[in-house]
Amino acid sequence: MKTYIDAGTTWTKILKVENNEKTYCVIPTKDLKTLNLKYNKCTGHSLPKDKNTYENEVVALANGAKKYLEDDFIALDLGSRDIKYVQYQNKKFKDMDWNASCASATGATIEMLLKFYNVDVKDLKFNPQKYSVTCGIFGLEKIMDDIAQGINPEIAISKFIHGIAFNAYNFAKNPSKICISGGFCENNCFIDSLKQYCDVIPLGRFVLVDGLMANDLM
Amino acid sequence: MQELSQTDNINKNIIAFWGYPQKALIKEYKLKYPNAKWVDLDIDFKYPDLKFVPDAYCTIIKNICNNAFHLKDKIIAILAPIGKDKCDSAYFISEILKKEGFNIVQSVFEDKCPDLSKIELPISKSNLPLKEKVEIITKNIYEQKDYSHLQEVKPSFGFWGVPPNDLDILNLFPNNTEVFGWIRAVEAGYPGDWEIETYVDENLPTVFFTQAFCSKTALAKYLANKYQGLYIDIDTIPTNSAKAKIEAFLKLR
């Protein structure tokens, strides 16, 4: 059996392959250390960068989304604490960027907001208005102002998420087609917001572990 | 310019410099002070930050100020490039340091290479680790050793730019990384030559590096876009994000 791990800041994505059968699962990263899992390849912030097993996250993203990259999609991964994208041209690497310095407009902030205001992600709907989240901290201030004036938290958080989607679109340099990797694929409000700006294909949370496997088999 | 004599400098033993002072000036000070120690003020010697310049300012200029003040009692003179071979910030700092009592000898080294086909770049094109290449090229400003014995290798990557404040970032690159930009111009002996500084091999995946808050960021960004390279600017020490970007670029290109 082969095991591939994407150990993110909050969530760890695991792919196990046995007899050509793939099994995926997600566990909280805080539980990862207690499991003492053995693995073939890994990526993510929360595991040591051993040169024999560790793969750079952008490389894992590119390998996992290769099919879409070769079809001129931008592959964008929006995680708990960072955002990164890769672009190919003529089936070859062209551009990338990775912002791991500010986590105030990424997944962890949304999870905290949902918990703080006791809102279910399924209740969030696309809102045509958006907050500017060039700085996520200023965006949070606007949520608080709106809620203080009587607006429902669901609506305020939706505007914030629309701002994050617009930010992600700008970060990726305004492409016409984006394939999304990461937990935001399960956030319909985010996907619908991003669709206002470009074509979007959500690829799910396991793109990086698929990329680890693809690279391992090369 | 007030020139100090050897006897005035009984306790002073350092000729300090930044960038690449004119060759004639280096020769003159080597003859005048044969026993002096040469110190490149661009380098981060980890002296305490005196906050002499604003926080959002080029780290190399911060190094110059911190080093200069820390070594002030031992510095005979500072050979101070202020032309297109260095930058405007260096001009301002040279004037400010003059007002602070340093013996500043300004230098403008904007000579153009008369025949680009004849420049020799044994270090830039060698198989030495990239960090070593950059260290040797900058040391050779005053050491002036012959490295023509180094063997040229086929490059797989290019590194364009200036010596980073934290040279360890260069350990991410393979040995057969060719050097471009200002560092290449220094090895060629023409630090202010625009043609040499802006030349890159368009077939070579190249990282275009500058220090944050440096005016060369515009040139690095322009060239990175033109040659589909990776633009990167770093302030003091590289963030994990900057290191990861370089690693990914080297693997994916």
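In this predicted model, helix H8 (residues 207-217) of chain A lies across three strands of chain A, namely E1, E2 and E4. Relative to E2(A), the helix runs at about 40°. The sheet underneath the discussion here is an open one, with four strands in the order E3-E2-E1-E4 (chain A) and mixed pairing. Its edges are taken by strand E3 (21-28) and strand E4 (41-43) of chain A, each of which pairs on one side only. From one neighbour to the next, the strands are turned by 15° on average, direction ignored.

Part of that sheet can be followed strand by strand. Strand E1 (residues 2-7) of chain A and strand E2 (residues 11-18) of chain A run antiparallel and are joined by six bridges. For a concrete pair to find on screen, take Ala7(A), whose bridge partner in E2(A) is Thr12(A). As a bit of background, strands of a sheet pair through backbone hydrogen bonds, either parallel or antiparallel.

Back to H8(A), which also has a helix for company. Helix H2 (residues 57-64) of chain A packs with H8(A) at an angle of about 85°, and the two axes are 7 Å apart. An angle from 65 to 115 degrees counts as roughly perpendicular, so H2(A) and H8(A) are roughly perpendicular to each other. On the H2(A) side, the contact involves Glu57(A), Ala60(A), Leu61(A), Ala62(A), Asn63(A) and Gly64(A). These meet Val207(A), Leu208(A), Asp210(A), Gly211(A), Leu212(A), Ala214(A) and Asn215(A) in H8(A). Sorted by class, the contact of H2(A) with H8(A) has seven nonpolar, four polar and two charged residues.

H2(A) also reaches over to the other chain. Its axis and that of helix H8 (residues 240-252) of chain B come within 8 Å and cross at roughly 40°, which makes H2(A) oblique to H8(B). Here Glu57(A), Val58(A), Val59(A) and Ala62(A) of H2(A) make the contact with Ala244(B), Ala248(B), Lys251(B) and Leu252(B) of H8(B). This set divides into six nonpolar residues, two charged ones and no polar ones. Glu57(A) and Ala62(A) turn up in the contact with H8(A) and again in the contact with H8(B). Between the chains as wholes, twelve residues of chain B are in contact with twelve residues of chain A. The chain B side of this contact has four nonpolar, four polar and four charged residues.

Chain B has an open sheet of four strands too, in the order E2-E1-E3-E4 (chain B) and with parallel pairing. Strand E2 (37-40) and strand E4 (104-107) of chain B are the edge strands, each pairing on one side only. The twist from one strand to the next averages 20°. Inside this sheet, strand E1 (residues 14-17) of chain B pairs with strand E3 (residues 75-81) of chain B in the parallel sense, over four bridges. One pair to look for is Ile15(B) with its bridge partner in E3(B), Ala77(B). Helix H1 (residues 23-32) of chain B lies across E1, E3 and E4 of chain B, and runs at about 170° to E3(B).

Two more helices of chain B pack together. Helix H2 (residues 59-70) of chain B and helix H3 (residues 88-99) of chain B have axes 10 Å apart, at an angle of about 20°. Angles under 35 degrees count as roughly parallel, so H2(B) and H3(B) are roughly parallel to each other. The crossing of H2(B) past H3(B) is right-handed. H2(B) contributes Ile61(B), Ile64(B), Cys65(B) and Ala68(B) to the contact, while H3(B) contributes Ser89(B), Ile93(B) and Leu97(B). Of these residues, six are nonpolar, one is polar and none is charged.

Finally, chain A has helix H6 (residues 153-171), with 19 residues. From its first C-alpha to its last, H6(A) reaches 26 Å, close to the 27 Å expected at 1.5 Å a residue. Just after H6(A) comes Lys173(A), with a positive phi of about 65°.

Definitions and conventions. Residues numbered from 1 in each chain as written. Chains lettered and ligands numbered in written order. Predicted model: local features only at pLDDT ≥ 70, side-chain atom pairs only at ≥ 80, totals over all residues. Expected span 1.5 Å × (residues − 1). Contact = placed C-beta atoms within 7 Å. Nonpolar A, V, L, I, M, F, W, Y, C, P; charged D, E, K, R; others polar. Axes fitted to C-alpha atoms, helices over the stretch in contact; angles between N-to-C directions. Parallel < 35°, antiparallel > 145°, perpendicular 65-115°, else oblique. Left-handed = near helix turned anticlockwise from the far one by under 90°. Pairing = 2+ DSSP bridges.
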